Amino acid sequence: MCLKLAATAGGRQSLVCRASVSAGQQVRVKAPVTVYHVGKFKSGLSLEGKTGTVLGDVRQYEGQELSATLPWKVEFQVEAEDGKSVKVLAHLEDDELEQA
């Protein structure tokens, strides 16, 4: 969850984020999210209700703070129409996830 703070002296607004999930944790997508970047799902793949594993928080990279709007990288294993398991990676927001 991120909280917006008042503008700083430079006129910028800053965010304070609390991690509601952490790397390695099992999470469930609670919001209607559809991804279109998975080849086996050309018409889109709905992630709502699917459970995955958090791979990490992409707001930090090599000690630098990044402005990631979708900070949680989550891996899902989804069965395609041909019966094969497909690994799907998606970046999601705090409010789209809940603990599984």
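The following paragraphs lead through a predicted model, beginning with its sheet and ending with its salt bridges.

The framework for this description is an open sheet of five strands, arranged in the order β10-β9-β6-β3-β11 with antiparallel pairing. Its edge strands are β10 and β11 (97–99), each of which pairs on one side only. On average, neighbouring strands of the sheet are turned by 40° against each other, direction ignored.

At one end of this order, β9 (residues 72–79) and β10 are joined by eight bridges in the antiparallel sense. Within this pairing, Trp72 stands opposite Leu92 in β10. The two strands form a hairpin with five residues between them, and Gly83 in the turn has a positive phi of about 90°. At the other end of the order, β3 (residues 26–29) pairs with β11, again in the antiparallel sense, over three bridges. Here Val27 is the residue that stands opposite Gln99 in β11.

The edge strand β10 (residues 85–92) shows an alternation of its side chains. Val86, Val88, Ala90 and Leu92 point to one face and are buried. Ser85, Lys87, Leu89 and His91 point to the other face and are not buried. Lys87, on this second face, has a relative accessible area of 54% and is therefore classed as exposed, the threshold being over 50%.

Lys87 also takes part in a salt bridge, its side chain meeting that of Glu75 at 3.9 Å, N to O. This pair links distant parts of the chain, with Lys87 in strand β10 and Glu75 in strand β9, twelve residues apart. Glu75 is partly exposed, with a relative accessible area of 23%.

One residue outside the strands, Val58, illustrates how a loop position meets other parts of the chain. Val58 lies in the loop between β6 (51–57) and β7 (60–61). With a relative accessibility of 25%, Val58 counts as partly exposed. When neighbours within four places in sequence are left aside, Val58 is in contact with Leu66, Ala68, Leu70, Pro71, Lys73 and His91. Of these, His91 belongs to the face of β10 whose side chains are not buried. Ala68 is ten residues from Val58 in sequence, and their C-alpha atoms are 6.6 Å apart in space.

The structure holds five salt bridges in total, including the pair of Lys87 and Glu75 described above. Another is formed by the side chains of Asp82 and Lys40, at 3.0 Å from N to O. This pair, too, links distant parts of the chain: Asp82 is in the loop between β9 and β10, while Lys40 is in the loop between β4 (34–35) and β5 (45–46), 42 residues apart. Both partners are partly exposed, Asp82 at 45% relative accessibility and Lys40 at 46%.

A further salt bridge brings together the side chains of Arg59 and Asp57, at 2.9 Å from N to O. How do these two partners differ in burial? Arg59 has a relative accessibility of 11% and so counts as buried, the limit being under 20%. Asp57, by contrast, is partly exposed at 32%. The two residues are also members of a network, in which salt bridges that share partners join Asp57, Arg59 and Asp94.

Methods. Residues are numbered from 1 along each chain as its sequence is written. This is a predicted model: local features need pLDDT of at least 70, side-chain atom pairs count only at pLDDT 80 or more; totals for chains, interfaces and linings use all residues. Side-chain values use heavy atoms; hydrogens and water are left out. Buried means under 20% relative accessible area, exposed over 50%, partly exposed in between (1.4 Å probe, protein chains only). Helices (H or I, at least four residues) and strands (E, at least two) are DSSP runs, numbered from the N terminus. Two strands pair if DSSP finds at least two bridges between them. Contact means heavy atoms within 4.5 Å. A salt bridge is a side-chain nitrogen of Lys or Arg within 4 Å of a carboxyl oxygen of Asp or Glu. Axes are lines fitted to C-alpha atoms, for helices over the stretch in contact, and angles run from 0 to 180 degrees between N-to-C directions.
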